[in-house]
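Trainee: Could we take a close look at one part of this model and then work outwards from there? I'd like a connected walk-through.

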Amino acid sequence: MSERLSGRMGKRLSGRMGKRLSGRMGKRLSARIGTRRGGRTGTRMSRRASRRVLGLAALLAAIVIALLPLPVTASQASAADGEESAVTHAGTKGRYDDFSALKVTVHQTQKLRAQGIRVTWTGGAPTTDTEFTSDYLQIMQCWGDGQNGPDRENCEFGASGIGGTGGRWAGQRALPDQVDPGEKTYVLDPAHPFDNPFVPFRPVKGKPTKSSTDFTYFGPIDTNEQPFVRVGADGTGESVFEAQTVVQAPHLGCGDATADGPRHCWLVVVPRGAHDADGTMGTAGDKVDASGLSATSWEQRLVFRLDFLATGSYCPIGQPESRTIGSEMLTDALTSWQPVLCQSTGTTFGFSQSGEPYARRQVTATAADAPGLAFTLDPVEAAEGGPPVVHAPVAVSGLTLGFHIETPGSGELQEMRLTPRLVAKMLTHSYIRDVPGWQLAQAPAHVAKNPASLRNDPEFIALNPQYKNWAVDAARPLSLLVPLDESDTARLVWQWLRSDPEAKDFLAGKPDPWGTKINPYFGSLTLDKDTGLTDFPKSDPTLSPALSVPANDPLTYGITDLDPYTQDMHDSAQRTRRGNTGRTIVAELDSNAHKAKLVSQASKPGDRAVIALVDSASAARYGLRTAALRTADGTFVKPTDDTLAKGVGMMRPSAVPGVLTPDPASARDGAYPLTTVTYAAASTGRSATDRTAYSRLIRYAAGAGQTPGVSAGQLPPGYAPMPQGLRTRALAAASTLEKVTDPPKADGGGTAGAGTTGETGARGGETSGGPGGTTGAGGASGGPPASATPTTPPVTPVKHIDPQKQSVVRATGSTPGAVLGAVRWVLPAVLVAGGGAALAGPATLKWGAWRRRS
């Protein structure tokens with residue numbers, strides 16, 4: 001086994017894996033996650049070595065997260081979500097252009113977290129060309145503690161215009177060489193005629209910026225500004241804006257604690273017309289190009305107050321804590337439940353997000369401080385002779401392919417269909433532009449006969465004719481963003497691909513009908529047969545000269561520079577919403593180090609293209625379009641409440657009684673093929689205090705936690721309520737945990753293990769050498785020996801629930817305000833740092849991901 005793993009990993013992690021998240025984003029992400037994905041590795045790095053890299057990253061991170069929620073009064077408040085908090089403002093007649101017909105609606109303005117906000121408009125003047133010569137919108141987020149809106153110095157704006165869209169003045173903080181009759185503050189100094197004035201950014205805390213290119217607080221990669229937003233031919237349009245909290249944007253401070261409650265912020269929309277700030281008309285040779293912060297432009301702003309959820313710590317200090325660990329598939333739901341759990345159970349549930357395989361090992365670990373409950377898709381196998389493990393289903397969701405694709409002249413594309421074979425092509429870097437060296441005159445020989453990219457693939461165009469004229473930026477590749485960690489979700493994706501005959505043949509080396517073949521560096525991995533694959537290999541070792549290399553210091557880039565791993569699926573969703581992948585294939589001269597370095601470059605507004613593997617909750621959170629995937633009967637299905645419920649119904653029993661396992665080959669009749677059920681797997685060998693806490697968590701998850709909504713304690717968008725059969729099983733598991741008897745004391749005293757649960761007849765517990773246990777309600781007396789596995793009740797048939805009766809929000813493309821409604825998300829507090837916590841290992845790798853969700 002070890003030989004197979006190390007041999008394959010040596011092929012996978014080839015090329016350079018350096019600081020994949022370079023520049024400002026790299027610094028911010030590495031600070032939060034402890035550079036969790038490891039450093040740059042050599043071309044022959046083994047799987048074992050890669051784990052050591054991850055382990056080192058974990059030792060450096062060495063933190064365990066606890067979710068510290070809101071007071072009961074906040075958690076019990078009803079949500080003013082979706083359209084209930086929508087606000088519409090109308091434009092006015094300006095100095096040169098009349099915007100009085102323009103009406104802009106922000107579809108959620110209250111109870112916001114780090115998420116996407118849907119913005120729509122009507123009555124605008126159409127954008128008539130692909131260069132945004134005139135008539136477009138600019139959207140930005142600003143801070144300001146007053147009640148009348150922010151100052152222009154308080155807005156996160158001016159980074160995307162640097163290099164993007166031709167380096168337009170319109171997207172910068174600098175003001176162009178033109179006379180703006182409204183400008184009284186920032187005017188050209190005659191003594192310095194070549195130094196354009198600029199509007200400095202003033203953070204909520206700290207010093208103002210010193211130049212228009214001072215990226216101390218935000219830069220082209222991590223800004224959320226939208227400097228060039230298209231207005232449709234009918235005057236309407238739609239965009240999803242990424243709202244940032246104090247966690248992502250400390251310089252704005254949104255949601256931070258103040259004497260008056262969480263700090264509010266502002267969303268500002270600046271309409272641009274046919275005239276520039278000096279009154280001249282915009283033309284192809286002379287675009288409307290004054291900054292959105294210039295006085296005349298700023299006069300026309302529409303301002304929307306944004307009220308954020310608190311990001312502080314609210315669980316009582318010193319409250320007992322029970323540790324949990326595990327799957328990202330439950331992260332959004334557990335974060336929503338925490339405020340209520342904290343108050344109703346008297347327990348703070350510490351959580352470390354990690355890959356499921358690692359989490360399962362923690363449940364059976366003998367260390368006293370190991371988490372006793374793991375959230376997982378696959379079941380935990382109890383250690384031989386060890387205490388039994390109870391499994392309780394707690395959430396239904398799914399994996400999806402989210403995308404953000406814009407085309408010049410058409411705006412953001414709405415729909416996409418994908419077959420398993422198309423996904424297999426992207427995962428195996430079988431397109432020319434997904435391999436280093438694609439930009440050279442001679443394409444890499446091993447993929448030279450394949451299509452240049454997904455958009456050039458005849459199979460893709462046959463399914464998606466609307467993409468026929470898609471002209472994505474020719475200087476940028478298009479591959480699939482995936483996380484690095486080993487996970488059950490990766491195993492499920494490969495299982496889905498192998499279940500499809502066409503995709504399986506492709507993975508085995510058979511060309512598709514148009515002659516496309518698998519990248520041979522992936523073909524040697526036997527991906528069509530490897531049922532134990534739990535990650536996404538990047539095994540092509542090709543290196544290529546970096547773009548724009550300084551002649552005196554040439555650099556090369558590898559496959560993980562071209563297509564970097566993400567921290568997790570939430571990170572993938574956030575990057576997709578921004579339209580930036582984090583690729584580092586361009587070299588620039590570092591003036592400080594006096595040598596070249598690879599840098600990440602932002603995508604050009606209006607011409608962004610990103611596709612990512614994400615969980616349905618993150619897709620809903622950021623309002624991503626989601627692809628319809630082909631199922632076993634040839635239909636194309638998206639993840640919705642109904643298709644996820646049907647997906648559960650198509651699952652089959654696993655080797656562990658009571659635990660279902662996905663079966664993509666059986667996904668028919670509208671069942672979604674990548675449906676997941678997340679289980680809480682708890683060891684019965686934990687203390688009575690922990691078992692009681694875990695059972696309460698499970699009971700809440702199976703009860704009130706299945707109510708769809710955006711208030712604290714509810715089930716967030718992207719999840720489907722569990723069918724009744726799964727809820728019944730969860731309650732049975734909770735009863736089993738509660739009825740387990742602690743091991744006897746040294747003197748042999750004590751009673752035997754718990755009897756069966758009256759609710760389901762399931763037996764559970766550990767026994768002592770004393771007399772038989774008591775009889776549970778409706779159960780037989782006595783308990784099983786300590787090494788036995790609790791008997792679980794039969795699976796209740798899953799019912800397909802009418803989505804109209806469930807009111808579950810769809811986790812699909814154009815997400816309405818209700819979809820992006822806020823939940824009381826909280827800023828996790830660091831509990832343990834340094835030496836002792838370092839022993840927690842890779843489990844701690846996820847702490848940064850939890851902070852980003854606040």
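Which residues of α18 are buried?

Mentor: Bear in mind that this is a predicted model. In helix α18, the buried residues are Gly 725, Leu 726, Arg 729, Ala 730, Ala 732, Ala 733, Ala 734, Ser 735, Thr 736 and Leu 737. They pack against a mix of helices and strands: α16 (641-649) and α17 (688-702), plus β16 (389-407), β29 (660-661) and β30 (675-683). The length of the helix checks out too: α18 covers residues 724-739, and at 1.5 Å a residue its 16 residues should span 22 Å, which agrees with the 23 Å between its end C-alpha atoms.

Now set that beside a strand, β14 (residues 348-353). Six of its six residues are buried, so β14 is largely enclosed by the rest of the structure. Thr 348, Gly 350 and Ser 352 are buried on one side, and Phe 349, Phe 351 and Gln 353 are buried on the other, so to speak a strand covered on both faces. β14 runs parallel to β13 (residues 321-326), with six bridges joining them, and Glu 321 has Thr 348 as its bridge partner. Between the two strands the chain passes through helix α6 (residues 331-345), making a right-handed β-α-β crossover.

Elsewhere the pairing is antiparallel, in an open sheet of four strands ordered β2-β3-β4-β8. β2 (87-90) and β8 (237-243) are at its edges with a single partner strand each, so one side of each has no neighbour in the sheet. From one strand to the next, the twist averages 25°. Within this sheet, β3 (residues 103-106) and β4 (residues 115-122) pair over four bridges, with Thr 122 as the partner of Lys 103.

Notes. Residues are numbered from 1 along each chain as its sequence is written. This is a predicted model: local features need pLDDT of at least 70, side-chain atom pairs count only at pLDDT 80 or more; totals for chains, interfaces and linings use all residues. Side-chain values use heavy atoms; hydrogens and water are left out. Buried means under 20% relative accessible area, exposed over 50%, partly exposed in between (1.4 Å probe, protein chains only). Two strands pair if DSSP finds at least two bridges between them. A crossover is right-handed if, with the strands pointing away from the viewer, the path from the first strand over the helix to the second runs clockwise. The expected span of a helix is 1.5 Å times one less than its number of residues. Contact means heavy atoms within 4.5 Å. Axes are lines fitted to C-alpha atoms, for helices over the stretch in contact, and angles run from 0 to 180 degrees between N-to-C directions.
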